[in-house]
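Reader: I am new to this structure and would like a close look at a single part of it. Please take one strand with its neighbours, and then turn to the charged pairs and the cysteines.

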Amino acid sequence: MIELCSTELAPDPGVLESPGGFTWFYVDLVDERGCGATVIWSWGLPFLPGYAHAARIGRPERPIDRPSVNVAVYGPDGERFYLLTEIPPDACSWAADDRSWRLGDCTFTWTDAPGAGGATRTLEADLDLALPTGGRATGRLRLSGQLRRDPQDFSGGAVPGSAGSHVWSPMVAASRGELELNTPDGALRVNGRAYHDRNSATLPLDQLGIRSWWWGRLAFPGRDLIVYRLVPSAPGNPPRELVVEVTEDGSCRVCEDSGLIFERPRHNVWGLRWPRGASFQDPDGRDVHIQVRTLLDNGPFYQRYLLQGRCDGAESYGIGENLVPHRVDGDLLRPLVRMRVHRANGPNSMWLPLFSGPSQGRWGRLIGRPGKIRV
């Protein structure tokens, strides 16, 4: 279902030509007050309307034809800004050195500085995205930290783009980052602990044998704990659990069978099952307790959470997510998803202003929108 990939293996642009495949780069930030942000730049993001459906009916699209950028900012009580924009393919590029990307007017660049204790990776991004009802969201994202260094017995030799699995590589964790986003309604800033990973597959998401996954990243003092639980589609097969610990100096430990237990399960209005809390063991066997503090995104196939964790007297905040791949892009739900996706070359849902841009003032923007959604 998944392969933990070494950071030494460069992202594979060949995935962009794999029908139904995907590749995305992910960043999240969280501070001690519980504010957070996520930034994702991608090709073939499985959640885009029509993408998964096309693969199911035997007409898969290529990732290179569906690039997008997603920016979300959260306060302790929920969403403050959200924008998922599809960008015309001819306005996007992947540099030959596999270290910089352009999507429309947004640019993303990696820079590595070697050192005695390992390389330091810096990600710098300039963000410039049109808002559906006019104006732009512009800003800058920066994070820097030690590149993850795998233990000597690490066996995750998957090559990005290898068939039949979801290739996942946490690259920078237990680091610092900052996002500044300027909108017509004011500036939003998050300065805190940062995490950065990448994901790819040459097959559609719902063909990877994954029935569901639950993922979380907790920023503890001096280290990050990343927990992953994947339930296979095949009946009777056991779930796979991964716990990855990354410290400030980039050293990494990986363990499986962490004893992850979900607590106080419930269902959302769409019937999606989710826990209010969870517990598992870190690589030293210490108990880690997680509480879902705020439900940030609550849909029919995907949820995002603000997490709060405790381990051996230490407190943490973090981001988590819950996904059911086979529910993605269903016929009945696709019109609802279109309300959350801004297509820069159109057409767009008339309800898009209600779900995009700064959270405050959305009803006013919907009622006072121009004759058509601007690009």
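Author: What follows looks at strand E20 and its neighbours, and then at salt bridges and cysteines.

This is a predicted model, in which local features need pLDDT of at least 70 and side-chain atom pairs count only at pLDDT 80 or more, while totals for chains, interfaces and linings use all residues. Residues are numbered from 1 along each chain as its sequence is written, and side-chain values use heavy atoms, with hydrogens and water left out.

Strand E20 covers residues 302-311; helices (H or I, at least four residues) and strands (E, at least two) are DSSP runs, numbered from the N terminus. Of the 10 residues in strand E20, 8 are buried, so the strand is largely enclosed by the rest of the structure. Here buried means under 20% relative accessible area, exposed means over 50%, and partly exposed lies in between, with a 1.4 Å probe and protein chains only.

Strand E20 pairs with strand E19 (residues 287-298) in the antiparallel sense, over 9 bridges; two strands count as paired if DSSP finds at least two bridges between them. Within this pairing, Leu-295 has Tyr-305 in E20 as its bridge partner, and a hairpin of 3 residues joins E19 to E20. Strand E20 is also joined by 10 bridges to strand E21 (residues 314-323), and these two strands run antiparallel. There the bridge partner of Leu-307 is Gly-318 in E21. The hairpin formed by E20 and E21 has 2 residues between the strands, and Asp-312 in the turn has a positive phi of about 55°. In a regular strand the side chains alternate between the two faces of the sheet.

The turn residue Asp-312 leads on to the charged pairs. Asp-312 is linked with Arg-223, Glu-245, Arg-253, Asp-282, Asp-284 and Arg-286 in a network of salt bridges, a salt bridge being a side-chain nitrogen of Lys or Arg within 4 Å of a carboxyl oxygen of Asp or Glu. By this rule the structure has 32 salt bridges.

One of them joins Arg-142 to Glu-124, with the closest N and O atoms 3.5 Å apart. This pair links distant parts of the chain, since Arg-142 lies in strand E10 (residues 136-146) and Glu-124 in strand E9 (residues 120-130), 18 residues apart. Arg-142 is partly exposed at 42% relative accessible area, and Glu-124 is partly exposed at 30%.

Another salt bridge joins Arg-148 to Asp-150, where the closest N and O atoms are 2.6 Å apart. Arg-148 is buried at 2% relative accessibility, whereas Asp-150 is partly exposed at 23%. Asp-329 and Arg-334 also meet through their side chains, at 2.8 Å from N to O; Asp-329 is buried with a relative accessible area of 6%, and Arg-334 is buried with 13%.

The cysteines remain. The structure holds 0 disulfides, a disulfide being a pair of cysteine sulfur atoms within 2.5 Å. Cys-311 is in no disulfide, as the nearest cysteine sulfur, in Cys-255, is 12 Å away. Cys-311 is buried, with a relative accessible area of 4%. For Cys-106, the closest cysteine sulfur belongs to Cys-92 and is 9.1 Å from its own, which is too far for a bond. Cys-106 counts as buried too, at 0% relative accessibility.
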